[in-house]
Amino acid sequence: MLDKTSGLVIPEHVGIIMDGNGRWAKKRGLPRSIGHKFGAQNFRKVTRYISKTGVKVLTLYAFSTENWKRPMEEVSALMALFKQYLVDLLTDFRDDEIKVVIIGDKSGFDKKLRDLIEESEYVSKDRQGMLLNVAMNYGSRDEILKSVQAIARDVRDNKLDPDNISFADIESHLYTAGLPDPDLIIRTGGELRLSNFLLYQSAYSEFYSTDTLWPDFDDKAFDQAIIEYNRRNRRFGGV
C-alpha cells in the first residue's frame, strides 16, 4: 500500500470523477442501476484505502447538476441509493476518522435526503482524519455563478468595492472554501474531460484518466495514478 514511507509524493487533495457504472453493468447484461449499486459499494472501499495513504482531502463526483437529464427510472434509483449510503455513512468511516461533507446544491433533494445529509455531516464533524467531499447535485459552473451572485450582493450592499474584488473573494463563496486546490484529478472510464467538475479549483491540477470503469477501480489502480502523478513536473505556469 502507498503511504508516506513509499518514497512517492502523496497529493494533498485528490478529486475523482467516478465514471463507468452504466457501462460496467451493460458489459454484464445488467440494468444500469446495478452498476450504480456496485459503484456505491466500491466508493466505500476506495475511500477507506485512500484515507490510509496520507491524502488529506478527497472529493468524489457522485451526481452532477446535468445528471437530472437521465431517464427518470435511473435518477430515482440513484436517489434511493444515495439515501442508503448516507444511512451507511452514519457508521461507516467512524474507525477511520473520516469527516464527511456533501458539496453541491442540496435544495434539489427531497427533505429525507437533506436530513440524512445534515445528520451525516453532524455525526462526522469532529473527526480528525481525511476530509471526504461527496459532490452531489454539483456543477462547477453553477458553483461559480453562485459565488458571483454572492459577491454582487456584497457590492450592492456596499460591503465590497468592485475594484477590490479578489480571487480570495471568489474562493470564499465556493463549496471548497478554505481547502487546498486539488493536486490531482482522476477520471475513471476512459473519458478525457472534466464534465463540469471543480473547474475553478483545478486550474493547475494534474489530470489522469484510466480506462478502468469505476466499479473495478481499486487500490492498485489508485496507486498507478499516484505513480503517474509523481512523473509529472508541476510548474504552475513557470519554467
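**A walk from a salt bridge to a buried strand**

Let's start with a pair of charged side chains: Glu-121 and Lys-106 meet in a salt bridge, with 3.3 Å from N to O. This contact links distant parts of the chain, since Glu-121 sits in helix α4 while Lys-106 lies in the loop between β3 and α4, 15 residues apart. Lys-106 has a relative accessibility of 28%, so it counts as partly exposed. Keep in mind that you're looking at a predicted model.

Now follow the chain around that contact. Helix α4 covers residues 111-124, and together with β3 and β4 it makes a β-α-β unit that is left-handed. The two strands of this unit also pair with each other: β3 (residues 99-103) and β4 run in the parallel sense over five bridges. If you want a spot to find on screen, look for Val-100, which stands opposite Leu-132 in β4.

Strand β4 has another partner too. Strand β2, residues 57-64, pairs with β4 over seven bridges, again in the parallel sense. Here the place to look is Val-57, which stands opposite Leu-131 in β4.

So is strand β4 buried or exposed? Buried means under 20% relative accessible area, and eight of the eight residues of β4 (residues 131-138) are buried, so the strand is largely enclosed by the rest of the structure.

Next along the chain is a look at helix α5, residues 140-156. In this helix Lys-146 forms a salt bridge with Asp-142, and their closest N and O atoms are 2.8 Å apart. Why do they sit about one helical turn from each other? Because they are four residues apart in α5. Both ends of the bridge have some access to the outside: Lys-146 counts as partly exposed at 30% relative accessibility, and Asp-142 counts as partly exposed at 23%.

Arg-156 brings in another pair, forming a salt bridge with Asp-157 whose closest N and O atoms are 3.1 Å apart. The partners fall into separate classes here: Arg-156 is exposed, with a relative accessible area of 58%, whereas Asp-157 counts as partly exposed at 38% relative accessibility.

Zooming out, side chains of opposite charge can pair when their charged atoms come close. A search of the whole structure turns up 21 salt bridges. Some of the charged residues join up beyond simple pairs: Asp-183, Glu-206, Glu-228, Arg-231, Arg-232 and Arg-234 are linked in a network of salt bridges.

Notes: Residues numbered from 1 in each chain as written. Predicted model: local features only at pLDDT ≥ 70, side-chain atom pairs only at ≥ 80, totals over all residues. Heavy atoms only, no water. Buried < 20%, exposed > 50% of the residue type's maximum accessible area, 1.4 Å probe, protein only. Pairing = 2+ DSSP bridges. Right-handed = clockwise from strand over helix to strand, strands pointing away. Salt bridge = Lys/Arg side-chain N within 4 Å of Asp/Glu carboxyl O.
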